[in-house]
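Biologist: I am new to this structure. Please pick one part of it and give me a close look, with its surroundings. Then set that part in the wider chain.

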Amino acid sequence: MHVQNGDAVGRPSCGSTFLDHPDAKFFYEERGTDTNKSKRAKKERIDALEEPMTSNHNPGLTSKKPKISEGQLEPLFRRLNLAHTRRIYQDVADKAEKENWSYRDFLALLLAEEVAHRKQTRLQRFTRKAHFPFFKTIDEFDFSLQTTLRQSLLGSYLGPDFVTEGRSLILYGKTGRGKTHLAVAIGYRAIQNGFETLFTTAAELIEDLSNASKQGHLQESLTTYTHPHVLVIDEVGYLTYGPEAANVLFHVVNDRHLRKRPLIFTTNKPLNQWGKVLHDEDMAAAILDRVLERGRFIHLDGPSGRTRHLNLEEILPAGTDRARISGIDVPEFPEPTHASHANSLSASAL
């Protein structure tokens, strides 16, 4: 008796005489595996959906209407990740039918709405990720309080070139002069231009990276501050830092300098005091050298924006001292000093 050889699923092997049987063709066509049937059925469904739309490999030249029901639009929108279009499609379609829009106008509005929605969503997401302490724009800044700064001088920091060319900025001035406001506004404008921004204080950055250095994973933690397109480091010099301050800050500045990624610093300390602030004169000089190579130093003067309603910056009459405590007026009859009191006693003795 002839022994029939076959594979694991019972189909004859190439050496079997079964292939010579006249019913062999029928066997493969009608009794194929479930896998083959599934593939054929899936292909038929795809062809039924796509064939009218891809005739001649050019959907713009087809003369057939797509055979798509209302219910089939929903999964198509989902597959193409057109969430906003899925929500507004029916209302726009109804409006287009009532006002007799052209197909081109209908499509243009759907696409414009989707793009605008995605842009707004990205703007909101990047603004949240920036961790701004408050929200301020450049239009809200009062340039009238500044004698040396005009908005036109910041023009190069409000466009995309600020990021693409890797410029940096140091905003220096006493407290209340609007340094942080400007830093936030410039960082937000970068987000509007399509870039990521991260806001942090010098104290937070130095503490975070110093702890990471002690635990042996400084390089991993550096990514937080080197990845964003724009990094704002606020309040340099306001607090006391640990001995690692200059070292960890240099890592951030040097990495961003090499990759041409801009930094924005705000500080109340003149540049020649950064060495004392960071506990290392040489390292501070290296940091400033890299920041200012493609950067600018801006001095904000004028009165404090927080206490200007108290008129603390007004020039007082000669021979009188200014009141330094908010809300306390200069006394009408100042107390005599020790010297003036001694002089008055000498005069009375005469």
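Modeller: Let us take helix α10. Its buried residues pack against four other helices and two strands: α8 (202–215), α9 (218–226), β3 (230–236), β4, α11 (274–278) and α12 (281–293). Keep in mind that this is a predicted model.

Start with the helix itself. α10 covers residues 245–258, which makes 14 residues. How far apart should its ends be, at 1.5 Å a residue? The expected span is 20 Å, because the rule counts one step less than the number of residues. The end C-alpha atoms of α10 are 20 Å apart, so the model agrees with the expected span.

Which residues of α10 are buried? The list opens with A245 and A246. V248, L249 and F250 follow. Then come V252 and V253, and the list closes with R256 and H257. Just past the helix, K260 takes a positive phi of about 55°.

Now step back to the residue before the helix. E244 sits in the loop between β3 and α10. Is E244 buried or partly exposed? Its relative accessibility is 30%, so E244 counts as partly exposed. Buried would need a value under 20%. Leaving aside neighbours within four places in sequence, E244 is in contact with S210 and S213. L278 is 34 residues away from E244 along the chain, yet their C-alpha atoms are separated by 8.1 Å.

Next, look for empty space. Searching the whole structure turns up one cavity of 30 Å³ or more. The largest cavity holds about 70 Å³. Which part gives the largest share of its lining? That is α10, with three residues. V253, R256 and H257 are among the lining residues, and these three also appear among the buried residues of α10. α12 joins α10 in supplying at least two residues each. The rest of the lining includes G166, S168, R261, L263, R290, V291 and R294.

One of the packing partners of α10 is β4, so to speak the next stop. Strand β4 runs over residues 263–267, and T267 lies in it. T267 has 0% relative accessibility, so T267 counts as buried. Its side chain reaches the backbone nitrogen of K269 at 3.0 Å. Beyond neighbours within four places in sequence, T267 is in contact with I170, L171, Y172, G173, K179, V236, Y238 and W274.

For a second helix, turn to α5. It spans residues 103–130, or 28 residues. At 1.5 Å a residue the expected span is 40 Å; the end C-alpha atoms are 41 Å apart, so the two agree. The buried residues of α5 are F106, L110, E114, R122, L123, F126 and A130. They pack against α4 (83–98), α7 (179–192) and β2 (197–201). Just after α5, H131 takes a positive phi of about 60°.

Last, the whole chain. It has 13 helices and five strands. Of its 350 residues, 32% count as buried. Take the contacts with a separation of 6 or more: residues 24 or more positions apart account for 71% of them. The chain exposes about 22900 Å², with 53% of that supplied by carbon and sulfur atoms.

Note on methods. Residues are numbered from 1 along each chain as its sequence is written. This is a predicted model: local features need pLDDT of at least 70, side-chain atom pairs count only at pLDDT 80 or more; totals for chains, interfaces and linings use all residues. Side-chain values use heavy atoms; hydrogens and water are left out. Buried means under 20% relative accessible area, exposed over 50%, partly exposed in between (1.4 Å probe, protein chains only). Contact means heavy atoms within 4.5 Å. Accessible areas come from the Shrake-Rupley method with a 1.4 Å probe; for residues, only the protein chains shown count as cover. A polar contact is a pair of N or O atoms within 3.5 Å; within protein, one must be able to donate a hydrogen and the other to accept it, and residues adjacent in sequence count only if both atoms are side-chain atoms. On a 1 Å grid over the protein atoms alone, a cavity is a set of points where a 1.4 Å probe fits but cannot get out, and a pocket is an open set with protein on both sides within 12 Å along at least five of seven lines; lining residues have an atom within 4 Å of a point. Grid points are joined across faces, edges and corners, and a volume is the space filled by probe spheres set on the points.
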